[in-house]
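Please work through the exercises below with the sequence and the structure at hand. Attempt each task before reading its solution.

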Amino acid sequence: MSEEGSGSLKTVPTATPGNEYVLRRDQGLSDYADTLADELATLPSQRPTVGCIIPAYNEGETIAGVLDSLLMQTRLPDVIHVIINNTTDDSVEVASHYAGPHTRLTPSGEQSTVIYVHDIGKNPDKKVGALNYGYSLVEGMDFLLGVDGDTTPEPNALEALVDEISSDDRIGGISAIYSIDDSALDGLMSKFLIAGQRAQFSAFNMQNLLKGRNMAVLGGQFSIFSTKALKQVLKDTHQRTPWVNDSEVEDSLLSLQIKSAGYLTKISAKAYAHVGGMTTLRSLDGQQVKWNYGAIDLMWPGQRGDTRGQPLHPNLRLRWFEHASMVLNMFTRIGFLLLLLGSLSIHAFVFRAWWLLPPLAAQFLNYRVARSMAFANRKDYVFALTFAPAEVYMWIRMGHFVRAWVKFFSRTQTDNWAAQAKAERGKGSSYLYPFLALLVFLAAAAAIWLQLPVGVRSDTLAVCWPILGILTVLQTAWMSLKALRRYRGYKA
């Protein structure tokens, strides 16, 4: 295109009512930029669709808080499906009060969503069945948001997840950073257990944040999934549904499958959600044993039932490290206890001041974990700095670890979902087995030890103390390195 005459030609694209572009003459560059920005702002932008599914089993006390928190999001889901299954409480009645359309004014403008409540009755597949039912309702949307019936996200949590997952097509799923609300607890035991779980969650989250924000497990508490990635999983695995009912940790297995399908699994750096914690030893045992058992099932080579063990899967490297670390913790703690009692039995115990270094290193690491929490409070610092609560909680976790491995190798067919539900109802005594086993072990070891000649006992102690000392030095050095690492501005 050309023009005769002395005037210079300056062209600017401008939108007509048909969104076609024509050329204007003799406009300056600043006018060009202003006009282009104005016209681009008027063009329609595509908003990704998000379908939220909430599997709910006896969540009558918490489901209202979950729905309230979702309706207060700065970015509302386009639709919310509450999938109530196997419930014996008033979950349906409470959730039904929220059914229907909802509109609210957010910082980005007016937004709307619709809440549907589905009572699917008795469901043999429990949470997995509810999740798959929900998937069938939202599979045509861009993203699926999975929320547990006792999880309350921070107001900007969904907006942060959607912004990140929609910015990179390689991402198959993103998990929020999980913590536990400890503001309404009664009783010393519940406060102690929740403080331990908060520290456990925080340490796990920070590990993933510092490893490129790669997340091995997209926890079902509050995670967003690309439906495109889920469909690819179905194609690759020949499954009819994303979640399968033959895994103890359905979310871990799906995370592995998403990773295997070529997608990334991430943890958000900005989205926070508060999940329900376990307030009794019985319920904590049921949850942790189920989690550990399911992780072992995925880690162990070979085929067990319909689930293939994947010991070399990249998502399981952190799991292997966690289990190896737990074995070392058990060896050093039980070893120290045995050698201490053995030394006292022959009046050969001599205190060394440097023995205080390992507990001090552990205490400093616990303090750093508390400092890393986004919602740390006085109870978290008391738990970390008084040392004893964290140490007792570690012994409790060791019991869960042993129970899970024993159950795995015994090959007993146990419904760990049902076992956890039973424990949460206050039934069952299996949580006491590790403590009883430790007492029996110590009694047997003492009986054998006292039968040995004093010279043999002395020689045994002379060999075992240096071995324990070397392992403890290595463990202390590792704890110190973890405590001194930079957190790069992340808050867990």
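Four exercises follow, each with a worked solution, and they concern a predicted model.

**Exercise 1. The chain as a whole**

Task: State how many helices and strands the protein chain has, and determine what percentage of its residues count as buried.

Solution. Step 1: The secondary structure of the protein chain comprises 16 helices and 13 strands.
Step 2: The protein chain has 492 residues, and 47% of them count as buried.
Step 3: The exposed area of the protein chain is about 24800 Å², of which 59% is supplied by carbon and sulfur atoms.
Step 4: If one takes the contacts between residues at least 6 apart in sequence, 78% join residues at least 24 apart.

**Exercise 2. A residue in a strand**

Task: Locate Ile174 in the secondary structure, and decide whether Ile174 is buried or exposed.

Solution. Step 1: Ile174 belongs to strand β9, which covers residues 171-180.
Step 2: The relative accessibility of Ile174 is 0%. Buried means under 20% relative accessible area, so Ile174 counts as buried.
Step 3: Leaving aside residues up to four places away in sequence, Ile174 touches Leu161, Glu164, Ile165, Leu218, Ser223, Ile224, Lys266, Ile267 and Ser268.
Step 4: From C-alpha to C-alpha, Ile174 and Val162 are 9.1 Å apart in space, while 12 residues separate them in sequence.

**Exercise 3. A covered helix**

Task: Determine how many residues of helix α8 are buried, and examine Gln257 as one of them.

Solution. Step 1: Helix α8 spans residues 250-260, and 9 of its 11 residues are buried. The helix is therefore described as mostly covered.
Step 2: The buried residues of α8 are Glu250, Asp251, Ser252, Leu253, Leu254, Ser255, Leu256, Gln257 and Ile258.
Step 3: Gln257, which lies in helix α8, has a relative accessible area of 12% and is therefore buried.
Step 4: Beyond residues up to four places away in sequence, Gln257 touches Val233, Thr237, Gln239 and Pro242.
Step 5: After α8 comes Gly262, with a positive phi near 100°.

**Exercise 4. A charged patch**

Task: Which residues gather in a patch of negative charge on the surface, and where is the place of Glu61?

Solution. Step 1: The patch of negative charge on the surface is formed by Glu61, Asp90, Glu93 and Asp119.
Step 2: Glu61 is situated in the loop between β3 (50-56) and α2 (63-71).
Step 3: The relative accessible area of Glu61 is 82%. A residue is exposed when this value is over 50%, so Glu61 is exposed.

Note on methods
Residues numbered from 1 in each chain as written. Predicted model: local features only at pLDDT ≥ 70, side-chain atom pairs only at ≥ 80, totals over all residues. Heavy atoms only, no water. Patch = residues over 30% accessible without salt bridge, like charges linked within 9 Å, V, L, I, M, F, W, Y side chains within 5 Å. Areas by Shrake-Rupley, 256 points an atom, 1.4 Å probe, with all protein chains shown as cover. Salt bridge = Lys/Arg side-chain N within 4 Å of Asp/Glu carboxyl O. Lys, Arg positive; Asp, Glu negative; His and termini not counted. Charge placed at Lys NZ, Arg CZ, Asp CG, Glu CD. Helix = DSSP H or I, 4+ residues; strand = E, 2+ residues; numbered from the N terminus. Buried < 20%, exposed > 50% of the residue type's maximum accessible area, 1.4 Å probe, protein only. Contact = heavy atoms within 4.5 Å.
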